[in-house]
Amino acid sequence: MELKPGYKQTEVGVIPEDWEALPLGELFSATQLGGNYQNSEQVTAWPLIKMGNLGRGSIKLDKREYVTAGTPPSARDRLHHGDVLFNTRNTIDLVGKVAIWRGELPEAYFNSNIMRLKFDAQKVSSNMFMNFILNTPRSLSALRGIAIGTTSVAAIYNRDLVSVQVPVPTLAEQEAIAEALSDADALIDSLEQLIAKKRLLKQGAMQDLLTGKKRLPGFEVKWVVKRLSELGRCYRGVSYNPAADLSPHETDSTVRLLRSNNVQESQLDFDDMQFVTEGRVSPDQYLRQNDILICMANGSRRLVGKAAQCPKLADKAYTFGAFMGCFRPDPAAADEQFVSGIFYTENYRRHIDLLLAGSSINNLSPGNVESLEIPVPAQKSEQTAIAAILSDMDAEIAALEAKLSKARQVKQGMMQELLTGKTRLV
C-alpha cells in the first residue's frame, strides 16, 4: 500500500517522518525493582503497591496491603508523582501492565514484582506519554511476546524489555499528545467519581428505606418481620465435571454459565463467560429475570454473599455454577424489586458474616440464605413505592455509566489516532 506523503514504514508500523521508532533501552535512563517486603492487609503507615494494584494505565486501590509493622521500608522504594510502573511478574495475560502513579496516596512504596521506569529527558519529555504509548494494543502485544513462563506464572526480564520498540514523536508532540489524552482521562475520572457518589447515595437510601428507618409519605401501617424463606426460595448452582462438562465456546448442547467473577459491584457482568453441558442443568437452575445471584462459596470470606439481580435476559439460556446460589423471589409474596434490595443492605451483610463466623469454611447453604429475618412493609404497595424510588436512582446511574462508556470509547479512538501519528497536534 502506498504511503501518504510525510509518513514512513518502520518496525512499529507507519509513523510520521519526524517520529522515530526506538527500542526502550534507548529511552531508559534507569530501571529499578521495588523492595521485597513482608506485607498484609493490616493497616500500617506504609501502603505497598503490588502487581494487583496496577491497571492498564492507572492505579487501582480497591484492595490495599501494607508493609508489616517493624522495620520501615527503604526511602529508595518510595513512589513519587509521575512514576511509571511496570509489572514484571503475573499471569501470561496480565504480565507487563504499565501504570503511572498520580500521587493517589500521600505515601506509598512498591514491591519487587514492579519496576520503576525512568526515561532520558533528551528523548522523553512526558512520563504520561510513555504511560499511554506502553498501553497501546501494539505495545501490549509486543510485551506479551517477550513474556517467559507458564499460563499462571510469567515474567518479563529487563534484558528483553529493552528491545521492545515504540514510536517516539518529537518532545513537543509528546507533551501535546499527553495533554489531550490526560484531558480525556480527566473526563473519565470525573464520571467515575460521580457514579461512585450516586452509588453511595443509593446505598444510603437503601439503608433508610429498606429497613423502615425512613417511611414514605402516605404509609403508616406497621412493618412485619419475615424470613426470606417466606418471600421466595434459594437454589444451589450446577455441579459439573470441569474437564468433561465445561467449554470456552458456546454450542447447541451448552448453557451459558455464570460464576463468582460475573458478580461485579452489585450487578452482573456477562463478558467473561463459560459454557456448561445442558444435561447438567435442572429446570430450577435456569436463571430468570429478577433472580438474585449469590456467591455461596469463595476463598475470600469477604466475597461470600456478594449478590446481583438478574436483568431481563436475551433469548439465550443462563445458569450458575456450583459455588453460586440464586434466590428467586415469589411475586405473590412480595415485590421482587424490593426483595432484591435486601441483598445490598447492612442487615444482609451482618447475617452472612455471623453465619461464616461460626464456620471453618467459607460456604453458605440455601437454608442459610433463607434464614435471614428482615422487616418488611405489610402493604405490598409500600414495597413497590420503595422499589420505584430505588429504580429511579438505578436509571440515573445507568445513564451516567452509558456516558462513561462513551467517554472511554472516545479516548480509545483518540489513542489510535494520536499515538500512531494519524492525527497530528504539532
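Two residues are in contact when heavy atoms of theirs lie within 4.5 Å. Keep that cut-off handy for the exercises below, which all use a predicted model.

**Exercise 1. Get an overview of the chain: how many helices and strands does it have, and what share of its residues is buried?**

Step 1. Start with the secondary structure: the protein chain has 10 helices and 27 strands.

Step 2. Now look at burial. Of the 426 residues, 44% count as buried.

Step 3. For the dimensions, the C-alpha atoms fill a box of roughly 75 × 60 × 50 Å along the principal axes.

Step 4. Finally, take the contacts between residues at least 6 apart in sequence: 77% of them join residues at least 24 apart.

**Exercise 2. Explore the largest nonpolar core: which residues touch the most other members, and what does V369 touch?**

Step 1. This core has 47 residues, and those touching the most other members are L228, L293, I294, F327, F343 and V369.

Step 2. Check which strand gives the most to the core: that's strand 23 (residues 292-295), with 4 residues.

Step 3. Zoom in on V369. Leaving out residues up to four places away in sequence, V369 touches L228, C234, I294, M296, F327, F343, H351 and L364.

Step 4. Don't stop there: apart from this core lies another one, of 38 residues, including I156, L161, A178 and L418.

Step 5. Here's the general background: in soluble globular proteins, nonpolar side chains tend to be buried together.

**Exercise 3. Find out what surrounds K97: where does it lie, and which backbone oxygen does its side chain reach?**

Step 1. Locate K97 in the loop between strand 9 (89-90) and strand 10 (98-100).

Step 2. Look for a charged partner. K97 is buried yet has no salt bridge, and the nearest side chain of opposite charge, D62, is 9.7 Å away. A salt bridge would need the two charged groups within 4 Å.

Step 3. Look at the backbone instead: the side chain of K97 reaches the backbone oxygen of M51 at 3.0 Å.

Step 4. Fill in the neighbours. Not counting residues up to four places away in sequence, K97 touches M51, G52, L54, G55, R56, L85, F86, N87 and N90.

**Exercise 4. Work out the order of the open sheet that has 3 strands, and say which strands stand at the edges.**

Step 1. Read the order: 9-14-13, with antiparallel pairing.

Step 2. Strand 9 and strand 13 (148-149) each have a single partner strand, so they stand at the edges, with one side left without a neighbour in the sheet.

Step 3. Now check one pairing. Strand 13 and strand 14 (residues 154-155) are joined by 2 bridges, and I148 stands opposite A155.

Step 4. Just before strand 13, find I146 in the loop that follows helix 3 (137-145). I146 counts as buried because its relative accessibility is 17%, under the 20% cut-off. Among the residues I146 touches are A155, I156 and L161.

**Exercise 5. Examine N290: what is unusual about its phi, and is it buried or exposed?**

Step 1. Recall the general rule: most residues other than glycine have a negative phi.

Step 2. Compare N290, which has a positive phi of about 80° although it is not a glycine.

Step 3. Place N290 in the loop between strand 22 (274-277) and strand 23.

Step 4. Settle the burial: N290 has 11% relative accessibility, so it counts as buried.

Note on methods. Residues are numbered from 1 along each chain as its sequence is written. This is a predicted model: local features need pLDDT of at least 70, side-chain atom pairs count only at pLDDT 80 or more; totals for chains, interfaces and linings use all residues. Side-chain values use heavy atoms; hydrogens and water are left out. A nonpolar core is a set of buried Ala, Val, Leu, Ile, Met, Phe, Trp, Tyr and Cys residues joined through side-chain atoms within 4.5 Å. Buried means under 20% relative accessible area, exposed over 50%, partly exposed in between (1.4 Å probe, protein chains only). Lys and Arg count as positive and Asp and Glu as negative; His and the chain ends are not counted. A polar contact is a pair of N or O atoms within 3.5 Å; within protein, one must be able to donate a hydrogen and the other to accept it, and residues adjacent in sequence count only if both atoms are side-chain atoms. Two strands pair if DSSP finds at least two bridges between them.
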